[in-house]
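Work through the exercises below with the sequence and the structure open beside you, and try each task before you read its solution.

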Amino acid sequence: MYFGEAAKPVRPHRAPLRLVSDALQAEVVKPGPHPQNSVHLNGHAVTQNGDNPTTSPAPQPHFESQTTGPAPTLPQVVPREQWGGKYEFLLSCLGYCVGLGNVWRFPYLCYRNGGGVFLIPYFIMLFVTGVPLFLMELSLGQYGAAGPIMVWKCCPLLKGIGIGMLCVSTLVCLYYNVIIAWTFYYLGSSFQSPLPWSCEAIANADLCGNSTTGISSSEVFWNERVLGVVYSKGLSDPGPVRWPLALCLLAAWVLIFLCMFKGIRSSGKVVYVTATFPYFVLIVLVIRGATLEGSLQGIAFYLTPDWGRLSNAQVWNDAASQIFYSLGIGVGGLLSMASYNKFDNNVIRDTLIITTGNCSTSFFAGFAIFSILGHMAWRKGVPVGEVADTGPGLAFVAYPEALALLPGSVFWAIMFFLMLFMLGIDTLFGNMEGITTAVLDEFPQLRRNTLHKGLFLGALCFCFYLMGLLLVTNGGIYWFTLIDSYSTSFGLIIITLFMCIGISFFYGVNQFCQDIIDMIRDCPPWCSKVLLYFKACWIFFTPFLLLFILTYIFIEMYNTSLHYGSYLYPRWGKALGVCMGAVCCLQILIWAIVAIAKETGTLKDRFQKSIRPLNTWRVNNLNSTGRVGEHVEPERVEAPFTVTLTDMDFTAITWEAGSEA
């Protein structure tokens with residue numbers, strides 16, 4: 001069922017707003033047999049005094065308002081910050097998207113799913129789901145100039161999507177900064193010579209000399225010195241907090257607070273370093289890796305295709321999950337950062353630049369990683385597939401061990417973990433921006449008071465720190481894996497599916513495309529043609545693929561057990577993870593019921609009213625452009641009131657003409 005026309009909002013007037021004709025929008029009803037003629041004013045009935053409007057004298061127009069409540073006022077728009085330049089926005093989005101997943105997750109998925117053949121489903125998922133949803137989030141945030149919650153004034157029925165995004169972003173921030181804490185720990189340890197996880201270290205002499213153990217020195221350092229997981233029995237036995245990691249976590253949150261305290265103009269300057277430095281390190285690692293013995297073996301393993309894997313649904317699911325994981329779709333970060341753009345920013349151009357840069361980085365990082373892993377396999381005399389792992393094990397076990405084998409290992413370790421730190425901090429900026437923007441939109445007085453904003457941001461970071469202490473205990477890695485596995489699983493897919501359906505069929509895909517064209521005032525011909533492709537994706541292809549992925553996730557979730565290493569998660573732990581994802585996506589249903597309950601009339605009437613944009617939709621665009629009349633819908637009176645009109649109001653045909661003059 002297509003609801004686009006029913007939900008289509010009134011197009012903004014191109015002429016200047018007129019106090020009487022546009023603001024009041026009075027519709028005069030022909031006199032009937034009633035003693036008082038009715039006038040409808042924005043749906044409210046008013047009365048006209050006088051028996052015969054044609055015989056009474058014609059005084060000057062006069063209005064008397066008898067309100068039954070406080071007089072309606074125009075919504076007060078609190079000025080929003082804007083990016084210092086378009087390059088700050090581009091670099092912030094690129095840094096947000098290019099994260100740790102590009103370094104440890106993409107290369108692993110590539111060789112696990114057939115090597116180079118994985119690129120086929122990866123790019124199909126990119127162009128059919130990733131890029132269209134990326135453009136949808138950026139366009140929605142930029143046009144509405146609001147965060148993940150407030151932006152759903154365009155369709156109040158779907159406010160729960162913004163709440164769900166906030167829940168997902170909270171879970172991601174909770175565990176993502178723990179990765180940065182691990183990186184801090186390794187970065188500090190990298191200044192020792194020899195490296196504490198290398199065989200040259202005195203503590204590892206016995207371990208490296210005994211080839212029967214089957215455990216490398218980097219594994220011992222990771223599991224015993226860093227995590228302490230060997231001292232925990234599982235989820236139910238977290239054990240004490242590991243205070244070295246707790247201090248690293250505190251330092252990470254303090255750094256996040258300082259960078260975000262001044263707002264996007266401050267964090268926008270930081271990304272000039274944090275978003276560009278990882279590329280410098282990757283280029284250096286690619287050049288260094290190409291000179292190592294056995295590097296070609298690793299590159300061949302990375303790119304050799306296994307065509308038979310294309311028939312496996314797991315390959316397509318992994319490709320889609322990597323797109324969502326890498327581009328950061330559905331967690332509110334993109335939407336929030338785009339809300340600080342200028343209204344006429346070319347959002348289509350930015351989408352193509354950022355998504356292309358992100359996926360190219362993933363592919364390029366594979367060469368840096370597998371050239372080193374090929375050298376590592378050559379040194380050990382084992383296949384490449386036996387020295388690589390997934391997730392944290394790849395970043396903090398295999399890579400450190402490979403770096404320890406390089407000449408000048410201390411320098412390369414420092415560079416590598418500094419790169420991981422930069423990648424992680426940019427992604428966390430985006431996730432935190434989604435949370436703070438949503439709260440500041442709901443409580444705009446915080447924007448005006450720097451002290452209150454600082455207290456709020458400090459309290460938020462401190463709460464995250466306290467909750468994150470569970471993840472830096474001896475058994476913290478078990479909780480980390482649980483949150484990581486379910487926070488961005490089926491809940492995130494459901495949120496993005498409803499976002500796509502809601503914008504396409506409730507708000508109206510034609511209206512949405514027109515909004516994008518309105519933002520790009522000098523829209524090049526190619527932009528209009530590209531929008532036809534995106535329209536087809538939003539209506540058909542993207543929802544279909546999201547449903548396919550969702551179905552596969554539910555089937556696999558039921559049949560597949562969750563484990564970390566040799567530890568098998570208990571049923572209650574898996575149920576807890578499912579509840580995390582369910583809480584995020586159930587916000588859509590809860591807030592949809594609330595929106596319908598607030599309306600009046602039959603169920604159908606309530607539904608139709610709840611998918612129409614509110615009068616305050618687009619108001620924030622006042623901060624984005626000086627052409628108020630072009631982008632702000634005339635405000636309608638929402639409070640019940642009566643107006644006493646004189647005879648002149650019914651006989652003076654030149655009323656509106658006089659206003660224009």
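The exercises that follow concern a predicted model, and each task comes with a solution in steps.

**Exercise 1. Confidence and overall make-up**

Task: Find what the mean pLDDT of the protein is, and where the pLDDT is below 50.

Solution: Begin with the protein as a whole, for which the mean pLDDT is 78, while 78% of the residues reach 70 or more. Next, look along the chain for weak stretches: over residues 1-69 the pLDDT is below 50, although this stretch has 139 contacts in the model beyond near neighbours in sequence. Over residues 652-661 the pLDDT is also below 50, and here the model shows 7 contacts beyond near neighbours. Where pLDDT is low, the predicted coordinates should not be read in detail. Finally, add the general make-up: the protein has 27 helices and 7 strands, and 56% of its 661 residues count as buried.

**Exercise 2. Two helices that cross**

Task: Decide whether helix 4 is roughly parallel or roughly perpendicular to helix 15, and say which residues make the contact.

Solution: Locate helix 4 at residues 100-112 and helix 15 at residues 347-380, and note that their axes come within 8 Å and cross at roughly 75 degrees. Angles of 65 to 115 degrees count as roughly perpendicular, and therefore helix 4 is roughly perpendicular to helix 15. On the side of helix 4, the contact is made by N102, V103, F106, P107 and Y111, whereas helix 15 contributes N358, T361, S362, F363, A365, G366, I369 and F370. Sorted by class, this contact has 8 nonpolar, 5 polar and no charged residues.

**Exercise 3. Partners in the largest nonpolar core**

Task: Name the residues that touch the most other members of the largest nonpolar core, and then find what L245 touches.

Solution: The largest nonpolar core has 194 residues, of which W152, W182, M432 and W538 touch the most other members. Take W538 as one case: leaving out residues up to four places away in sequence, W538 touches P132, L133, L135, M136, C500, S504, V509, F512, C513, I516 and P543. Now turn to L245, which lies in helix 9 (residues 243-260) and has a relative accessible area of 2%. Buried means under 20%, so L245 is buried. With the same residues up to four places away left out, L245 touches A181, W182, Y185, V226 and V472. The C-alpha atoms of L245 and W182 are 7.0 Å apart in space, although the two residues are 63 apart in sequence.

**Exercise 4. The loop between helix 5 and helix 6**

Task: Determine whether C154 is buried or exposed, and what is notable about the phi of A145.

Solution: First place C154, which is found in the loop between helix 5 (119-144) and helix 6 (159-189). Its relative accessible area is 0%, so C154 is buried. Apart from residues up to four places away in sequence, C154 touches L140, I503, Y507, I611, R612, P613 and W617. C154 and L614 are 460 residues apart in sequence, yet 6.4 Å apart from C-alpha to C-alpha.

A145 is found in the loop between helix 5 and helix 6 as well, and A145 is buried, with a relative accessible area of 1%. Most residues other than glycine have a negative phi, and most peptide bonds are trans. A145, however, has a positive phi of about 50 degrees although it is not a glycine. For a peptide bond to set beside this, look at the one from S193 to P194, which is cis, with omega near 0 degrees.

Technical notes:
Residues are numbered from 1 along each chain as its sequence is written. This is a predicted model: local features need pLDDT of at least 70, side-chain atom pairs count only at pLDDT 80 or more; totals for chains, interfaces and linings use all residues. Side-chain values use heavy atoms; hydrogens and water are left out. A nonpolar core is a set of buried Ala, Val, Leu, Ile, Met, Phe, Trp, Tyr and Cys residues joined through side-chain atoms within 4.5 Å. Buried means under 20% relative accessible area, exposed over 50%, partly exposed in between (1.4 Å probe, protein chains only). Contact means heavy atoms within 4.5 Å. pLDDT is the predictor's confidence in each residue, from 0 to 100. Axes are lines fitted to C-alpha atoms, for helices over the stretch in contact, and angles run from 0 to 180 degrees between N-to-C directions. Helices (H or I, at least four residues) and strands (E, at least two) are DSSP runs, numbered from the N terminus. Angles under 35 degrees count as roughly parallel, over 145 as roughly antiparallel, 65 to 115 as roughly perpendicular and the rest as oblique. Ala, Val, Leu, Ile, Met, Phe, Trp, Tyr, Cys and Pro count as nonpolar, Asp, Glu, Lys and Arg as charged, and the others, Gly among them, as polar.
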